[in-house]
Amino acid sequence: SSGAFIWDASAEPPTALARWRVVSETHPGVEDVNDVNFKIKNQVLTLYVNDLDTNGDVYCTAPGSDTNTGLSASSPLDDPSTALARFELSGGDTIYIDTGLYFPTNELGLTVGLVGDEAEFGLTNLPITIRGSTNLGAGGSTIFASGTNGHGLEVRSTSFVDIEYLRLFGGLDGLRVINCEDINVAHVEAFNFNLSGVVLSQ
C-alpha cells in the first residue's frame, strides 16, 4: 500500500463538523478519529439563524441553538457570528437571520468578506446575501454590537454582497463597508451608535 487514499467528497452533504474515522480491516478493534473538525462545502448554502423562540418568525420553524447545524429551517443556529464562522461563504450563499435580538459572541461584531486569511466573494449574478426578518411589526432582526468599540456589521475587502432587513444597535459604528465593490444595502437601520451609522471607506 502507498499509504494514500483518494476520497471523492463531491456527493457528501455540507457540514462544518466532519471528521475522519479510520478502522483497520485486519484488526477491527483498531481505529482512530481525527481530533479537529473539518468542513465540506460542495454546493450553494442556505444558513439559518434564530433566537430562542419562534415568535414572529419568517424563516425558521424551531428555536436557535449552537448545537444545531444551521443548514435547515428546523435546525437554526442561535448566533449570526457562528453561522459566519462555520463556513466560508461564496456566490449564491444566503444567511437568513430570523426575528429576534442577537448578541454576537465575536467581540468586534459581525464581519463578512476578508476574515483573517479567508476571503469571501459573491458573484455578479450570485451575491452573498444576509437577510434579516421582514416581519418588522414583530421587531425584525436586531443585532447588538459587542461593546462600545465594536460594530454591528462590517463588510471588508469583498464584492457582490446583499444586506437586507437588519437593525444594527450600539457600538462604535452600525454598518462599515471597507474596500468593497457592488455591495447592496436595503432596509437596514442603525441606532444608538457612538460614531457613525454607516461608514464607507476605500
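**Exercise 1. Contacts along the chain**

What share of the contacts in the protein with a separation of 6 or more comes from residues 24 or more positions apart?

*Solution.* Keep in mind that this is a predicted model. Start with the secondary structure: the protein has one helix and 16 strands. Then take the contacts with a separation of 6 or more; residues 24 or more positions apart account for 56% of them.

**Exercise 2. A ring pair**

Find out how the rings of F103 and F144 are arranged, and which elements they sit in.

*Solution.* Let's begin with the full search, which finds four aromatic pairs in the whole structure. F103 and F144 make up one such pair, with 4.5 Å from centre to centre and 15° between the planes. Planes under 30 degrees apart count as stacked, so the F103–F144 pair is stacked. Next, place the two residues: F103 lies in the loop between strand 7 (100-102) and strand 8 (110-115), while F144 belongs to strand 11 (residues 141-144). They are 41 residues apart, and the pair links distant parts of the chain.

**Exercise 3. Buried or exposed?**

Decide whether F103 counts as buried or exposed, then look at the whole protein.

*Solution.* The relative accessibility of F103 is 57%. The cut-off for exposed is over 50%, so F103 counts as exposed. For the protein, 43% of the 202 residues count as buried. Its accessible surface comes to about 10,900 Å², and carbon and sulfur atoms hold 51% of that.

**Exercise 4. An aromatic cluster**

Which residues form one aromatic cluster?

*Solution.* Look for three tyrosines: Y48, Y59 and Y96 form the cluster.

Definitions and conventions: Residues are numbered from 1 along each chain as its sequence is written. This is a predicted model: local features need pLDDT of at least 70, side-chain atom pairs count only at pLDDT 80 or more; totals for chains, interfaces and linings use all residues. Side-chain values use heavy atoms; hydrogens and water are left out. Rings of Phe, Tyr and Trp (its six-membered ring) pair if their centres lie within 6.5 Å; planes under 30 degrees apart count as stacked, over 60 as edge-to-face and the rest as tilted. Helices (H or I, at least four residues) and strands (E, at least two) are DSSP runs, numbered from the N terminus. Buried means under 20% relative accessible area, exposed over 50%, partly exposed in between (1.4 Å probe, protein chains only). Contact means heavy atoms within 4.5 Å. Accessible areas come from the Shrake-Rupley method with a 1.4 Å probe; for residues, only the protein chains shown count as cover.
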